Amino acid sequence: MPEGPTHSTVPTPGTAVPGRVVAGSEPWQPGAAAPEIASSAGGYVFFKPAEAAFVEAAVARLIPADELGGGAIEADVPLFIDRQLNGDFGNATRWYMQGPWGEPTKTQGYQTRLTPAQFYRAAIQAIDAVSTRMHGQAFAALNGDRQDDFLRVLESGAIALDGVDGQAFFGLLLQNTIEGFFCDPVHGGNKDMIGWKLIGFPGARYEQRFFLKAFNQPFPLPPVGIAGRREWSR
Amino acid sequence: MRKGAVLAAAVLFLTVALVGRAVGQPKTIRALPPPNVSGARFSPQQVAAGRYLVILGDCMPCHTVTGGAAFAGGRPIPTPFGPLVSANITPDRETGLGGWSSDDFYRALHEGKSRKVGNLYPAFPYIHYTKVSRADVDAIYAYLQTIPAVTSDPKRDQLPFPYRIRQLMAVWNWLFFEPGAYDPDPNRSAEWNRGAYLVQGLGHCGDCHTPRNVLGGAERRKRFRGGAFPGWFAPDLTDNRSVGLGSWSDAELLEFFRTGRNVRTAATGEMGEVVAYSTSQMTDGDLRAIITYLRSLPASPEATVSLPGREAMAAGEAIYRDQCSACHRMDGSGVRRLFPPLAGNANLQQANPRTVARLVLVGAQTMPTDPRPTAFTMPAYAWKLSDRQIADVLTYARNSWGNRAAAVSAEDVAKLRRQLKPRAAIAPVPRGSMLHPAPGTLAKPGTDSRDNGTAHAGRAAAPEADRNPRNTTGPPGNMDLPKHKPHRHEAQGPG
């Protein structure tokens, strides 16, 4: 047999037409994996205190705790966003970040010259500046209704912030909040799988065949994350 | 020499004799090089017979490096003291076997003595090849003398002092080596004798499948009851029904040797190589003879094992359901010829769990063969499961669905992990590595990249509001909001 993928013509059972066998395999190395890097424990590494105060206040308005259970704060969403901004996402490591910088279309996604980390920094500073000018207080110190009003206007695009696109920032913040609420817990959010338990998502599981015929019965296994669940350890 | 001194010297060799084979699994199976039989030295029949005997002896993978010339040597066999490197056995005059007579060659296979370097190390399985008949060795010689000569002089003696003193192997030989060609058993059938000749001789199956004593000598009384070597445990081949081949049918064994898989298991790593280069290319007659012989190996005694702890089983069950059931199924039944069943799996229930702990740590890929060309992969778990978790999931699988075997200890897994050094092969993307597709058009720092490709290229970035219409959304509505200001931040993009 030659090196590399081998090809040979063999008769396919039950047909007169010879099938072609393409042999060979994906490159494989013992021990190779693309590990999820677990987010580190501990306090904020990216956010400065004022920024953390804004994010904590804002995400608590976007996904509040209610009669169904905990919200973004209980799920550790601010921690998730902090770690994301400190990592590849925040630094746009895998993104193309050069020009040209024409007016983007709606479907073009993230379009600023700032990395997400720079974008958060600039936007939070600008938002607190507006809030202080309007209400004499930073966003985090406003009462809940005022915060909601502020966020609504931010979302509508009716607010002009110093140097950043407020509407785009609202979109990013909402997206990251949802991500932090439903992400795999290995990334720091969705603490205790609070988001998954809320919607009954079984997590990173691959084998459902066993339960296919169990009609109208609840799925019996608890949710599991990439890094496992408590029952994996004794 | 006094016996005490002999033993002391022998202990020295313990680890050299205990070496395993190189761990690198070849990516693809290569054909043996065609011989040139135009000269009158050897008959074409003898050369053709020699080629087949080289397949029976599995000589090629040990003597060939991935991507290198066939039989040119250089494949390192790791030992705790440094690599032991195989020799060039092509007919090159200077660096290979070109100057060797058939007597020289016979001495190497029969006695473990090299015309070039003196005593050979038993990593070259001469303790088995000694059983091969002179006629067969001469045929191998004929084939190896007619393949293309390759100049290649791998540095063979890389072992540090004192392991590199080859004369000391005489002591080891004196203790553990019984030279002598195979002596047929007149009370057995011709087929059985053929099988014994192949398994004990060229096939050198016992090199891996027979346990060794602390000095690296084969434990003759425990023949084929399973043997450990670095990174692997070759399973029991006796008639034992749980850990041996006792519950396999002849047809299942034949399919395994021909294709590398059957409804019970799949060959990988070291055994994958044996199947790919050797058994899958054997004649059915020889495979049937091997099976006849294996069938006659008396069952190894049943091991007494104590019940595993309840915590280990509970943790193991949780891990198994979440991580392994996708392929091996919730009930351990697997998927025929794709993912081996774990229920009733002999390899899983070996007294020594090294092979299966290895599979969970670093994963495995089934060896593809012509009849079964698709290689299925078991993922590596070293990066996500702790030693304790790997021990527990194996303990669970070894004691579920009718299986029974001793619990696996976290210490054993830890030791194996240190030895295999699994690492994530996919390096993280370095910061800022996204290169501009056409660097020539890249804006200089402080310039406006929108001007790239225009006559204004290189102009300093202008801070006027109208340069970025995106941010000019006016402040409508009734709220008293500030007017839009120039966007300083936006001018400082990451480029």
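Biologist: Is C59(B) buried or exposed in this model?

Modeller: The model is a predicted one. A residue counts as buried when its relative accessible area is under 20%. The relative accessible area of C59(B) is 12%, so C59(B) is buried.

Biologist: How far from C59(B) is the nearest cysteine sulfur?

Modeller: A disulfide requires two cysteine sulfur atoms within 2.5 Å. By that rule, the count over all chains is zero disulfides, and C59(B) is accordingly in none. The nearest cysteine sulfur belongs to C62(B), at a distance of 8.8 Å.

Biologist: Why does C327(B) form no bond with the closest cysteine sulfur?

Modeller: A disulfide is a covalent bond between the sulfur atoms of two cysteines. C327(B) counts as partly exposed, with 25% relative accessibility. The closest cysteine sulfur to that of C327(B) is in C324(B), and the gap is too far for a bond because it comes to 8.9 Å.

Biologist: Which helix of chain B gives the most residues to the largest nonpolar core?

Modeller: The largest nonpolar core has 69 residues, and the members touching the most others are F71(B), F105(B), I140(B), Y143(B), L144(B) and F257(B). The greatest contribution to this core, seven residues, comes from residues 134-146 of chain B, which form helix 6.

Biologist: Between which domains of chain B does this core lie?

Modeller: Residues of the core are supplied by two domains of chain B. Because both give residues to it, the core lies between domain 1 (2-176) and domain 2 (190-295).

Biologist: Which residues is F105(B) in contact with, leaving aside its neighbours within four places in sequence?

Modeller: F105(B) is one of the core members that touch the most others. Its contacts include I140(B) and L144(B), which are also in that group of core members. With neighbours within four places set aside, F105(B) is in contact with V137(B), I140(B), Y141(B), L144(B), W100(B) and L97(B).

Biologist: What share of the residues of chain B count as buried?

Modeller: Chain B contains 16 helices and eight strands. It exposes about 22,400 Å², of which carbon and sulfur atoms supply 56%. Of its 495 residues, the share that count as buried is 51%.

Biologist: Where in chain B does the pLDDT stay under 50?

Modeller: The mean pLDDT of chain B is 84, and 79% of its residues reach 70 or more. Where pLDDT is low, the predicted coordinates should not be read in detail. That caution concerns the 75 contacts beyond four places in sequence that the model has for one such stretch, and the 70 contacts beyond near neighbours for another. The stretches with pLDDT below 50 include residues 1-27 and residues 464-495.

Technical notes:
Residues numbered from 1 in each chain as written. Chains lettered and ligands numbered in written order. Predicted model: local features only at pLDDT ≥ 70, side-chain atom pairs only at ≥ 80, totals over all residues. Heavy atoms only, no water. Helix = DSSP H or I, 4+ residues; strand = E, 2+ residues; numbered from the N terminus. Buried < 20%, exposed > 50% of the residue type's maximum accessible area, 1.4 Å probe, protein only. Areas by Shrake-Rupley, 256 points an atom, 1.4 Å probe, with all protein chains shown as cover. Core = buried A, V, L, I, M, F, W, Y, C linked by side-chain atoms within 4.5 Å. Domains from an automatic or database assignment. Contact = heavy atoms within 4.5 Å. pLDDT = per-residue confidence, 0-100.
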